[in-house]
Amino acid sequence: MSAMTESFLFEIGTEELPPKSLEKLALSLKESFETSLKAAKLNHGNIEVFAAPRRIGLLIKKLDSTQPDQIIERRGPAVQAAFDKDGKPTPAALGFARSCKTDINNIERLETDKGQWLFFKLLEKGVNATELLPKIAEQAVKKLPIAKAMRWGSHKTQFVRPVHWITMLYGADVVDASILDLNAGRITQGHRFHSAGALSLTHADDYANVLKEQGHVIASFNERRSLIKNQLESIGATVNGHVDINTDLLDEVTALVEWPVALMANFDEEFLAVPQEALISSMQEHQKCFAVLDQQGKMMPHFVTISNIDSKNPATVISGNEKVMRARLADAAFFYQTDKKHSLESHLTRLKTVTFQAKLGTLYDRAERLASISGFIAKQLSADRKLAERAGLLAKTDLMSEMVMEFPELQGIMGNYYAQNDGEANEVAIALEEQYLPRFAGDRLPQSTIGAAVALADKLDTLVGIFGIGQKPTGDKDPFALRRASLGLLRILVENKLALNLADLIQHVIALYGNKLSNENTEHDVLQFINERLRAYYSEQDITPDTLEAVTSLGLTTPLDIDQRIKAVHDFRKLEAAAALAAANKRVKNILEKQKIAIQQISINPELFAESAEKELYQAICSKQQEIQPLLGECAYGQLLESLASLRHSVDNFFDHVMVMAEDESLKANRLALLAELRQLFLKVADISYLQS
């Protein structure tokens with residue numbers, strides 16, 4: 001008979017929780033409950049998570065009221081050790097019977113291939129869920145990812161914020177539990193201002209509706225976020241614009257309010273003379289407000305604030321927000337006007353006072369390296385070397401500006417504005433902003449060649465410098481974001497189709513660092529680290545690991561070339577002949593390695609061919625060598641592999657009719673040389689012996 005089910009509610013009521021970790025705390029609570037319920041063999045339905053400024057909790061639907069009964073089979077000591085020579089039970093047998101809570105006469109015997117053993121089947125009755133839930137809840141609370149716990153009042157318990165109430169209901173019944181020194185009950189609390197006071201819950205399923213209808217609290221994080229998003233979209237249309245909805249800000253605001261109400265406010269149009277990125281950063285960072293843009297993406301003199309109350313006099317709330325916003329935007333305008341009085345070039349001297357890394361020198365040292373690396377890359381890309389060097393030299397100067405010191409996320413962006421103000425070349429100004437691209441996964445890439453050169457220089461300088469002093473990332477620790485830098489570097493080279501050799505670039509950077517680097521294997525370590533990122537890059541494109549290995553095993557160092565080969569091998573695998581040729585290449589590789597024959601170590605003598613099959617293969621190889629040469633020059637790897645696929649018949653025929661390991665040493669050597677030539681043909685693209693069937 002199946003267990004009865006009911007809904008289970010668990011809520012922790014607190015002071016206002018940290019907004020940036022609110023959702024994470026609630027999801028962790030859910031995960032811990034799911035794990036513990038599974039271990040306790042308590043089945044359940046959907047779990048709804050609640051996360052609001054003053055509470056985290058969950059509602060578990062259709063939770064079993066009781067664990068299922070279990071038949072536990074226990075094996076005791078061997079019969080030989082369980083009874084003495086007179087057949088009387090030994091202490092071991094009696095002890096086993098006591099542990100099973102039965103008499104020795106009820107113990108059975110189990111026959112195995114290793115003899116007889118004492119054996120007993122024990123019926124273990126399932127425990128009520130209400131007896132298990134307090135411990136499950138207590139463990140879940142202890143596992144919450146709290147960065148810094150605190151104590152309050154005279155309490156000895158610790159939590160992320162002071163806890164004021166615990167709500168635990170199984171159906172209509174309160175679960176008898178004490179969590180964080182508070183006894184659980186059926187009472188929850190509504191909105192600080194809109195709610196009349198404590199709210200008593202009749203049933204666990206009433207929680208969300210009672211809070212919303214009586215308490216003016218939308219407990220569901222997702223529901224509040226969706227409501228705020230809808231309000232923002234609607235209110236933007238009232239001024240013929242749209243609200244710039246930043247996802248991170250939306251999440252943060254959702255975690256700050258229980259009863260969201262979007263209000264449109266205004267600011268003086270004179271502030272629009274300040275770069276809109278600076279205005280938006282000021283709004284988001286300091287006031288948690290949303291900017292309003294017109295249809296062309298230009299900022300309008302409006303902003304939207306999300307209030308936590310449904311005010312009877314919203315004009316007063318709006319006026320208060322406008323007053324504070326005016327002061328914030330005035331600060332941004334002051335920073336901008338102050339910064340424009342000093343050229344970016346004038347900040348170069350100040351870079352000498354800022355340390356990039358203790359062992360790698362100052363930001364000025366870095367600026368000089370970036371200038372050299374950017375120019376080196378630009379020359380290879382047939383771009384203006386002097387412009388690239390200028391952009392590299394000025395790349396970090398905006399870090400000294402008042403605006404970027406206040407809003408670090410504007411680095412590069414403000415560099416662009418200030419470079420234009422200084423009269424720098426447009427290519428230089430754009431490059432100062434593009435140097436940081438891509439900033440995150442899926443972000444846009446530099447569109448200008450100079451911008452790409454500086455972006456590559458920035459990433460390479462950091463990678464070489466940090467690896468050069470032996471501080472490569474370990475585990476989850478990556479303080480210089482080298483993994484992100486490597487992925488960004490790969491994306492720029494591959495997606496912008498820049499045929500640059502990483503080994504050459506890295507060697508150039510190493511030379512610029514001179515004796516500052518202590519790691520003699522810097523070039524190898526950086527190349528290996530970047531190649532390891534290839535797996536993550538191509539896994540998102542459904543490229544299998546063996547396809548990747550077939551190409552990376554060649555030790556190539558030009559990412560664009562690697563990409564072209566990988567895509568060619570990926571398409572080659574779809575051909576009917578691919579599996580057979582991959583198997584043949586694996587066979588050839590094993591034969592050559594076993595005989596310790598290096599590729600092209602010995603030459604082929606056509607006069608020694610004794611079998612028609614080997615003559616046919618030799619002629620086919622010679623023909624293909626002529627055919628693929630122009631394709632190789634054009635990097636047409638897909639066509640090249642498709643051409644080589646026609647060798648399947650000749651290869652199969654060879655292995656069917658020719659004994660490679662002939663007794664005649666000259667015949668054997670000639671046939672091994674033929675196989676080496678065959679393998680060399682495929683290695684011009686990839687080592688397809690790595691491909692799995």
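Which residues line the second largest cavity? Select F50, A208, K212, V217, I218, A219, S220 and E223, and you have that lining on screen. The model you are looking at is predicted. The space enclosed here is about 30 Å³, and the lining splits into five nonpolar, one polar and two charged residues.

Now for the other cavity. The structure holds two of 30 Å³ or more, and the largest has a volume of about 50 Å³. To see its lining, select L490, L502, L527, I530, N531, L534, L556, T557, P559 and I562. Colour helices α19 (522–539) and α21 (559–572) as well, since each gives two or more residues to this lining. The largest share, four residues, belongs to α19. By class you will find eight nonpolar residues, two polar and no charged ones.

Keep α19 coloured and add α17: each supplies at least two residues to the lining of the second largest pocket. Select P438, F440, A441, G442, R484, L487, G488, R491, A536, Y537 and E540 to show that lining. Here α17 makes the largest contribution, with four residues. The pocket's volume is about 210 Å³, and its lining has six nonpolar, two polar and three charged residues.

Last stop: the largest pocket, with about 1500 Å³ of space. Centre your view on P408, E409, L410, Q411 and R439, the closest to its centre among the 40 lining residues. Then colour α7 (247–254), α8 (276–287), α11 (363–380), α16 (449–468) and α17 (482–495), the elements that give two or more residues to the lining. The largest share, six residues, comes from α8. Colouring by class shows 17 nonpolar, six polar and 17 charged residues in this lining.

Key: Residues numbered from 1 in each chain as written. Predicted model: local features only at pLDDT ≥ 70, side-chain atom pairs only at ≥ 80, totals over all residues. Heavy atoms only, no water. 1 Å grid on protein atoms, 1.4 Å probe; cavity = no way out; pocket = protein on both sides within 12 Å on 5 of 7 lines; lining within 4 Å. Points joined across faces, edges and corners; volume = space filled by probe spheres on them. Nonpolar A, V, L, I, M, F, W, Y, C, P; charged D, E, K, R; others polar.
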